[in-house]
Amino acid sequence: MTASLATSGFDWVCQLVRRESAIVLAPGKEYLVEARLMPLARQLGLSGVAELVERVRARPEPAITRGIVEALTTNETSWFRDGDPFTALTGTVVPALQAARRPGEPISIWSAACSSGQEAYTIAMLLADSLPSATTRVRITATDLSRAMVDRTRAGRFSQLEVNRGLPAPMLVRHFSRVGAEWEISPALRQMVTASELNLAGPLPRLGPFDVVYLRNVLIYFDPPTKREVLRKVRQVMRPDGWLFLGAAETTLGVDDSWERVPCGRGSAYRPMKGK
Amino acid sequence: MRALVIDDSRAMRRIVASILEGFGYETRPAGHGREALDVLEEGWVPDLACIDWNMPVMDGLQFVSAVRAVPAWRQVTLMMVTTESEHGQIVKALAAGAHEYVIKPFTADAIGDKLSLLGLMPVPA
Amino acid sequence: MSAPITALLDGETVTAVAGEVWSALVGEGELLLPGLGPVAPAVDGPSAWVTVTGPWDGVVVLTCGASGTADLTRSVLQLDDDEQPTAEDVDDVLRELANILGGNVKSLLPGPSALGLPETGPAPLRAEDEDTCRVSASWRGHDLAITIQGASEAPAHHTTEVPK
């Protein structure tokens with residue numbers, strides 16, 4: 001075996017990927033980095049991944065940097081990812097909100113780690129298809145740590161491979177048009193989404209109040225005190241009768257006891273506990 | 001679960017079949033629409049058909065229309081898997097009765113995502 | 001006056017399309033490196049192509065250096081490293097790659113167009129036309145070329161109608 005990736009090299013790759021994509025590679029994923037980057041190293045005539053990382057660190061080459069990020073992050077985002085929180089939105093949450101709010105009162109939704117925008121636009125499409133006047137009534141705030149991801153969300157453009165990932169064909173034809181080799185979301189839906197940079201671990205700017213928050217597959221990357229802090233801040237920007245959706249492997253239980261876990265569709269949602 | 005894989009390219013039939021078999025499907029190949037209709041008429045009615053568009057003898061769109069005309073084959077889910085990728089072509093396939101549409105090139109995950117959407121992902125035993 | 005067809009079919013777009021085809025079909029992490037192959041049409045292996053007909057007529061040709069055909073076929077068909085693919089397998093893989101490239105190129109054109117069935121044989125096919133767009137690339141050290149041949153002007157007529 002060729003020289004394996006030193007810890008400093010692995011850390012550098014992790015930082016690069018996190019900066020460019022907001023995807024966090026957990027320690028211990030060295031094997032993944034080796035396996036995914038080996039073809040790129042071979043392409044460039046290098047003996048291994050360690051040499052590849054050394055070369056880019058010494059002399060940054062945008063094409064290779066992009067190749068590294070793409071090799072490590074492709075296929076991480078799809079439409080309707082873990083479908084339950086989306087079926088719950090139209091099946092349970094929106095009817096409950098319609099009953100509780102005045103007719104036409106705005107509905108605010110936060111996609112708190114929006115990546116390239118699939119989650120925010122999935123929500124926009126679902127509501128546009130099921131709620132009259134959704135395009136004017138619903139406001140979706142999409143935030144991400146990475147500026148590159150925020151720019152991508154704003155653009156609302158997706159490659160062929162991206163629209164292939166779990167986007168139902170009837171929704172594709174209803175809400176997207178072809179622009180060159182890419183697909184672009186309709187202007188009406190793009191107007192529902194406002195994207196900006198935000199670090200959940202830092203102090204939150206003025207936000208909300210939100211009726212629904214999607215905070216999925218983010219908490220898993222934080223330590224318990226940070227998790228608790230993030231959940232506390234999220235609760236502060238939510239309406240008292242709001243709904244929080246976490247990733248399938250995440251929970252507030254044992255982290256922050258000011259949330260009530262409620263069955264919602266086929267999965268669960270979390271709601272602020274009264275009096276906490 | 002059973003899937004019929006219809007494509008004039010042996011390479012593509014092999015790729016699609018191996019992805020579906022990885023999810024637990026039993027598959028059968030067909031090189032064009034007419035050959036696929038023969039399989040159905042013989043009584044092998046699948047849960048899913050993955051259908052290329054451009055093929056000799058009978059193309060994918062003709063096959064979709066032919067299957068939709070037979071009430072006994074209603075339960076077959078029809079998924080186009082094709083390089084035809086214009087907006088209008090997708091509309092046309094859906095109007096003819098296709099349920100889903102995967103654009104080539106695709107990854108195994110893309111097929112998996114579509115099967116989940118369609119409720120056709122076999123539950124691991 | 002019509003715009004040049006290269007306004008629609010430029011090297012960068014074709015490279016991006018080919019990159020997606022490669023990572024999806026040839027294998028995850030497999031990169032097609034553009035611009036590293038020979039610039040002149042010197043790729044010495046077999047070609048596969050599809051025709052595009054409609055407001056703009058042309059051909060999309062994939063040529064694979066002779067040294068790379070077996071490797072490429074093994075990758076697409078997921079064969080073992082020591083397995084020797086048959087000539088039929090090689091042709092079939094090249095045809096399907098050309099088919100997918102052609103379909104994606106077709107989608108960049110305005111108006112209704114139709115795609116022919118893919119064929120294999122010696123290139124070039126349409127010596128009377130200039131290459132509209134040529135992408136030379138390298139994959140695992142093997143030369144590859146994607147050429148689009150056809151009229152140099154983009155179709156003036158623009159319609160969103162779908163071909164029958």
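Here is a walk through a pocket, two helix pairs and one glutamate in this structure, which is a predicted model.

Let's start with the second largest pocket. Its volume comes to about 800 Å³, and 39 residues line it. If you want to find its centre on screen, look for A:Arg81, A:Asp82, A:Gly83, A:Asp84 and A:Pro85, the lining residues that lie nearest to it. Elements from both chains give two or more residues to the lining: on the chain A side there are α5 (84–100) and the strands β8 (238–246), β9 (259–264) and β10 (267–272), while chain B brings in its own α5 (108–118). That chain B helix, α5(B), supplies the largest share, with 6 residues. As for chemistry, the lining is a mix of 15 nonpolar, 13 polar and 11 charged residues.

Now stay with α5(A), since this pocket-lining helix also packs against a neighbour. Two packed helices are described by the angle between their axes and the distance between the axes. Here the partner is α6 of chain A, residues 118–130, and the two axes come within 10 Å and cross at roughly 45°. An angle like that is neither under 35 degrees nor in the range of 65 to 115, so α5(A) and α6(A) count as oblique to each other. Their crossing is right-handed. On the α5(A) side the contact uses A:Phe86, A:Leu89, A:Thr90 and A:Val94, and α6(A) answers with A:Glu119, A:Thr122, A:Ile123, A:Leu126, A:Leu127 and A:Ser130. Sorted by class, that makes 6 nonpolar, 3 polar and 1 charged.

For another helix pair, hop over to chain B. Helix α3(B), residues 60–68, packs with α4(B), residues 87–96, at an angle of about 20°, and their axes are 9 Å apart. With the cut-off for roughly parallel set at under 35 degrees, α3(B) and α4(B) are therefore roughly parallel to each other. This crossing is right-handed. The residues that meet are B:Leu61, B:Val64, B:Ser65 and B:Arg68 from α3(B) and B:Lys92, B:Ala93 and B:Ala96 from α4(B). The contact has 4 nonpolar, 1 polar and 2 charged residues.

Last stop, back in chain A: A:Glu162, which sits in helix α9, residues 160–163. What does A:Glu162 contact once its neighbours within four places in sequence are left aside? The list is A:Trp79, A:Ser116, A:Gln118, A:Arg152 and A:Arg157. Take A:Trp79 from that list: A:Glu162 is 83 residues away from it in sequence, yet their C-alpha atoms are 8.5 Å apart in space.

Key: Residues numbered from 1 in each chain as written. Chains lettered and ligands numbered in written order. Predicted model: local features only at pLDDT ≥ 70, side-chain atom pairs only at ≥ 80, totals over all residues. Heavy atoms only, no water. 1 Å grid on protein atoms, 1.4 Å probe; cavity = no way out; pocket = protein on both sides within 12 Å on 5 of 7 lines; lining within 4 Å. Points joined across faces, edges and corners; volume = space filled by probe spheres on them. Helix = DSSP H or I, 4+ residues; strand = E, 2+ residues; numbered from the N terminus. Nonpolar A, V, L, I, M, F, W, Y, C, P; charged D, E, K, R; others polar. Axes fitted to C-alpha atoms, helices over the stretch in contact; angles between N-to-C directions. Parallel < 35°, antiparallel > 145°, perpendicular 65-115°, else oblique. Left-handed = near helix turned anticlockwise from the far one by under 90°. Contact = heavy atoms within 4.5 Å.
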